[in-house]
Amino acid sequence: MVYMTFKESSKKHLQTCQCLIHTLESCNQEKKYLLSNILYLTGYTIETILKYRIFANLSYARDKDIKDVKIGSITWDAIKTHDLRNLLRHLKMQENRNLFNELQTNTFFKDWDKMYHEKARYENNTMHNKDEILEFFDLSKKLVQTLTH
């Protein structure tokens, strides 16, 4: 089941963020690099868990490559995006949870598209504080726990 790789990917990125958070206080000058990576990997965690859940909710031949799935507005071209709002929009057509409302009010989530994804990936984030980034991480953790159980 190819779509399961999204689930595993989200868990891997979540674990990496947790390790980085644990080492954050022991770093001085490198803290901005760790925060930048936590931000990027948190966005990626949310992206992959949303993709997992979208495909997990669909009824299709599980041996079929997800790139060949075409069910309503769900196609690989629609889902391969880095735009978290777009992914959530597709998922909300399948199910809706209170957590999705909390997600939509988060500043990082609202801004996360291809451009922001690349900015978080390549730049050292000095424009956001630690608390905002850790709040985004906590949200990703709740999302992974909720959508995988």
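What does the secondary structure of the protein chain come to? In this predicted model, the chain comprises eight helices and two strands. Followed along the sequence, these elements are arranged in the pattern α-α-β-β-α-α-α-α-α-α. The radius of gyration is 16 Å, close to the 15 Å given by the globule rule for 149 residues, so the chain is as compact as a globular protein of that length. The C-alpha trace extends over about 50 × 30 × 25 Å along its principal axes.

Several overall values complete this description. Of the 149 residues, 46% are counted as buried. Among contacts with a separation of 6 or more, 73% are made by residues 24 or more positions apart. The accessible surface amounts to about 8000 Å², and carbon and sulfur atoms contribute 48% of this area. The chain carries 23 positive and 19 negative charges, and the mean positions of the two sets lie 4 Å apart.

Helix H5, formed by residues 98-105, was examined for the distribution of its buried and exposed residues. Its buried residues are Leu99, Phe100 and Leu103. These residues cover an arc of only 100° around the axis, which puts them on the same side of H5. Asn98 and Thr105, by contrast, are exposed on the other side of the helix. The buried residues of H5 pack against four helices, namely H2 (31-57), H4 (84-94), H6 (107-111) and H8 (130-147).

Within H5, Leu99 has a relative accessibility of 13% and therefore counts as buried, the cut-off being under 20% relative accessible area. When residues up to four places away in sequence are not counted, Leu99 touches Leu139, Lys142, Leu143 and Thr146. Ala78 is separated from Leu99 by 21 residues in sequence and by 23 Å in space, C-alpha to C-alpha.

The contact between Leu99 and Leu143 leads to helix H8, in which Leu143 is located. Leu143 has a relative accessible area of 1% and is buried. Apart from neighbours within four places in sequence, its contacts are Ile46, Ile49, Leu50, Leu99, Phe100 and Leu103. The buried residues of H5, Leu99, Phe100 and Leu103, are thus each in contact with Leu143. Leu143 and Leu41 are 102 residues apart in sequence, and their C-alpha atoms are 14 Å apart in space.

Helix H4 contains His90. This histidine is buried, with a relative accessible area of 3%. Neighbours within four places in sequence being left aside, His90 is in contact with Ile54, Ser73, Ile74, Ala78 and Ile79. Between His90 and Tyr52 there is a sequence separation of 38 residues and a C-alpha to C-alpha distance of 12 Å.

A one-sided arrangement of buried residues is also found in helix H7, which spans residues 114-122 and has Tyr116, His117 and Ala120 as its buried residues. The arc that they cover around the axis is only 105°, which puts them on the same side of H7. The face turned away from this buried side carries Lys114, Met115 and Tyr122, which are exposed. The cover over the buried residues of H7 includes H2 and H6. Helices H2 and H6 are also among those against which the buried residues of H5 pack.

Terms used:
Residues are numbered from 1 along each chain as its sequence is written. This is a predicted model: local features need pLDDT of at least 70, side-chain atom pairs count only at pLDDT 80 or more; totals for chains, interfaces and linings use all residues. Side-chain values use heavy atoms; hydrogens and water are left out. The radius of gyration is taken over C-alpha atoms; the globule rule is 2.2 Å times the number of residues to the power 0.38. Buried means under 20% relative accessible area, exposed over 50%, partly exposed in between (1.4 Å probe, protein chains only). Contact means heavy atoms within 4.5 Å. Accessible areas come from the Shrake-Rupley method with a 1.4 Å probe; for residues, only the protein chains shown count as cover. Lys and Arg count as positive and Asp and Glu as negative; His and the chain ends are not counted. The place of a charge is taken as NZ of Lys, CZ of Arg, CG of Asp or CD of Glu. The arc is that of the directions from the helix axis to the C-beta atoms.
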